[in-house]
Amino acid sequence: HLMRAAQAAGYEVTALKADLTNSESVASEVLFVSPTHVVHLAAISAITHQDEMAFYRVNLFGTQNLLNALAALERPPRKVLLASSANVYGNQAGVAIAESVCPKPVNHYAMSKLAMEHMAMTFASRLPIIITRPFNYTGPGHDLRFVIPKIIDHFVRNAQSIELGNLDVFREYNDIRMVCDVYLKLLHSGGDGEIYNVCTGKAYSLRDIIRHAQGLTGHEITVEINPAYIRPNEVHQLTGNHAKLSSAIGTYDLHDLDQTLTWMLERHVQY
């Protein structure tokens with residue numbers, strides 16, 4: 001999605017193929033490309049990933065390999081955007097979380113991302129780094145391990161039932177098109193060394209998602225609660241304050257929940 005959005009904005013886009021954990025391969029490919037702008041999205045992003053150490057090998061030390069390679073370039077990039085995650089906040093009192101709130105990660109994914117943020121700032125004198133903390137987002141092509149594409153898949157197949165975990169956790173479920181628009185604007189307007197929430201401030205429970213999907217498709221589905229999907233350290237509400245982001249880039253591309261779900265329903269089969 002980001003590649004297409006960047007190409008439409010006039011960028012020549014190269015997706016790195018090197019294994020992030022192989023520092024020599026990363027350095028060689030970065031030297032060959034010598035990018036003017038970098039958006040670093042590669043990571044292990046599924047909280048349920050079984051190899052806990054892999055979170056750190058990829059998300060922390062893989063990012064370090066990339067930053068070392070970029071810092072070694074004769075002409076450094078004009079901007080390096082690193083995608084962290086709103087999961088670093090953990091459970092917070094209050095509703096809309098601002099960037100000034102102290103993070104309280106509750107799982108290895110979030111901890112690896114917060115460690116990545118602190119490590120990245122050691123490069124701040126050599127690279128124009130900005131860090132984003134995107135709240136939950138989705139769109140066509142999203143892996144079925146994640147809950148929104150899983151729900152869409154069940155509705156597309158007219159499944160009679162679906163197994164889910166806690167239906168009363170609240171998340172933002174933003175549109176990937178919004179995220180792409182924000183990232184491209186931050187490449188021009190983001191302040192070096194700054195952290196930005198990528199969010200809308202609108203949160204939904206899984207009950208809301210099921211209700212919206214049923215309204216769009218006319219298909220009724222039975223929700224079965226599977227205790228295996230309920231995490232003991234669940235983050236109950238994750239909603240962001242976008243004041244800092246809006247101040248930096250102005251308006252950005254917004255889509256309401258029904259627009260996003262409709263797009264996913266229409267594209268699910270042919271994507």
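**Notes on the sheet, its helices and a pocket**

1. A good place to start is the pair I131 and I195: these two are bridge partners, with I195 sitting in β9. Keep in mind that you are looking at a predicted model.

2. That bridge belongs to the pairing of β4, residues 129-134, with β9; the two strands run parallel and share four bridges. In general, strands in a sheet are held in pairs by backbone hydrogen bonds, in either a parallel or an antiparallel sense.

3. Now zoom out to the whole sheet. Its four strands come in the order β1-β2-β4-β9, the pairing is parallel, and the sheet is open. At the edges you'll find β1 (37-40) and β9 (195-198), each with pairing on one side only. Ignoring direction, neighbouring strands are turned by 20 degrees against each other on average.

4. Next, the helices. Look for α3, residues 52-71, lying across β1, β2 (79-83) and β4; α3 runs at about 180 degrees to β2. Then there's α4, residues 108-120, which packs on the sheet and touches β2, β4 and β9. The direction of α4 makes about 165 degrees with that of β4.

5. Last stop: the second largest pocket, with a volume of about 200 Å³. Which residues come closest to its centre? Of the 14 that line this pocket, they are N174, T200, K202, L254 and H255.

6. As for where that lining comes from, β8 (174-175) and α9 (257-267) each supply at least two residues. By character, the lining of this pocket splits into six nonpolar, five polar and three charged residues.

How values were computed:
Residues numbered from 1 in each chain as written. Predicted model: local features only at pLDDT ≥ 70, side-chain atom pairs only at ≥ 80, totals over all residues. Heavy atoms only, no water. Pairing = 2+ DSSP bridges. Axes fitted to C-alpha atoms, helices over the stretch in contact; angles between N-to-C directions. Contact = heavy atoms within 4.5 Å. 1 Å grid on protein atoms, 1.4 Å probe; cavity = no way out; pocket = protein on both sides within 12 Å on 5 of 7 lines; lining within 4 Å. Points joined across faces, edges and corners; volume = space filled by probe spheres on them. Nonpolar A, V, L, I, M, F, W, Y, C, P; charged D, E, K, R; others polar.
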